[in-house]
Amino acid sequence: MIKNSFISVITQEEKEENSGSVEFQVFHITSKIRKLTSHLELNKKDFLSQRGLRIILGKRQRLLTYLSKKNKVRYKKLIDQLDIREPKNR
């Protein structure tokens, strides 16, 4: 398995303090997504992991939508920190 070069943006103290915040949840889900993506690059026929990845992507999408409605400033800051694209609006 390829080692993930993703560096933690959130410190250990913040993890213990704010583990339920939307930002922390999105950060944690993003790290899971990056690990699964690197796994799927090696194992192209792992369909259960592909399904899990789609489920996790949907969960992150819902959390980001919630955060964008509640607080645009925190949303923009999180998107920039994690270096992810903004979702398309329908």
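**Salt bridges, core and helices of the chain**

At a relative accessibility of 38%, arginine 74 falls in the partly exposed class, since that class lies between the limits of 20% for buried and 50% for exposed residues. The model in which this residue is described is a predicted one. A search of the whole structure returns two salt bridges. In one of them, the side chain of arginine 74 meets that of glutamate 23, with a distance of 2.4 Å from N to O. Arginine 74 belongs to helix H4 and glutamate 23 to helix H2, so this pair ties together parts that lie 51 residues apart in sequence. Glutamate 23 is listed among the buried residues of H2.

The side chains of lysine 76 and glutamate 86 form a salt bridge with an N to O distance of 2.7 Å. Here the partners are ten residues apart and link distant parts of the chain, with lysine 76 in helix H4 and glutamate 86 in the segment after H4. Lysine 76 has a relative accessible area of 38% and is therefore partly exposed. Glutamate 86, at 43% relative accessibility, is likewise classed as partly exposed.

The overall architecture is considered next. The secondary structure of the chain consists of four helices and zero strands, and the order of elements from the N terminus is α-α-α-α. Of the 90 residues in the chain, 29% are buried. The chain exposes about 7100 Å², and carbon and sulfur atoms supply 52% of this area. Among the contacts between residues at least 6 apart in sequence, 53% join residues that are at least 24 apart.

The largest nonpolar core contains 18 residues, of which Val26, Leu64, Leu78 and Leu82 touch the most other members. Helices H2 (22-42), H3 and H4 (72-82) each provide at least two residues of this core. The largest contribution is that of H2, with eight residues. Leucine 64, one of the buried residues of H3, makes contact with Val26, Tyr75, Leu78, Ile79 and Ile84 when neighbours within four places in sequence are left aside. Leucine 82 is located in helix H4; its relative accessibility is 2%, which means that this residue counts as buried. The C-alpha atoms of leucine 82 and valine 26 are separated by 9.1 Å, although the two residues are 56 residues apart along the chain.

Two of the helices were examined for their length and buried residues. Helix H2 has 21 residues and should span 30 Å at 1.5 Å a residue; its end C-alpha atoms are 31 Å apart, in agreement with this expectation. Its buried residues are Val22, Glu23, Phe24, Val26, Phe27, Ile29, Thr30, Ser31, Ile33, Leu36, Ser38 and Leu40. Helix H3 has 24 residues, for which the same rise of 1.5 Å a residue gives a span of 34 Å; the 35 Å between its end C-alpha atoms agrees with that value. In H3 the buried residues are Ser49, Leu53, Ile56, Arg60, Leu63, Leu64, Leu67 and Ser68. An α-helix has 3.6 residues a turn, so residues three or four places apart point the same way. The buried residues of H3 pack against H2 and H4.

Arginine 60 lies in helix H3 (residues 47-70). This arginine is buried yet takes part in no salt bridge; the nearest side chain of opposite charge is that of aspartate 83, 10 Å away, whereas a salt bridge requires a distance within 4 Å. Apart from residues up to four places away in sequence, arginine 60 touches Val26, Ile29, Thr30, Ile33 and Ile84. Aspartate 83 itself is found in the segment after H4 and, at 67% relative accessibility, is classed as exposed. Its phi is positive, at about 55 degrees, although aspartate 83 is not a glycine.

Glutamine 25 is placed in helix H2 and counts as partly exposed, with a relative accessibility of 28%. The C-alpha atoms of glutamine 25 and arginine 60 are separated by 8.2 Å, with their positions 35 residues apart along the chain. Neighbours within four places in sequence aside, glutamine 25 is in contact with Ser19, Gly20 and Leu63. Of these partners, Leu63 is among the buried residues of H3.

Key: Residues numbered from 1 in each chain as written. Predicted model: local features only at pLDDT ≥ 70, side-chain atom pairs only at ≥ 80, totals over all residues. Heavy atoms only, no water. Buried < 20%, exposed > 50% of the residue type's maximum accessible area, 1.4 Å probe, protein only. Contact = heavy atoms within 4.5 Å. Areas by Shrake-Rupley, 256 points an atom, 1.4 Å probe, with all protein chains shown as cover. Lys, Arg positive; Asp, Glu negative; His and termini not counted. Core = buried A, V, L, I, M, F, W, Y, C linked by side-chain atoms within 4.5 Å. Expected span 1.5 Å × (residues − 1).
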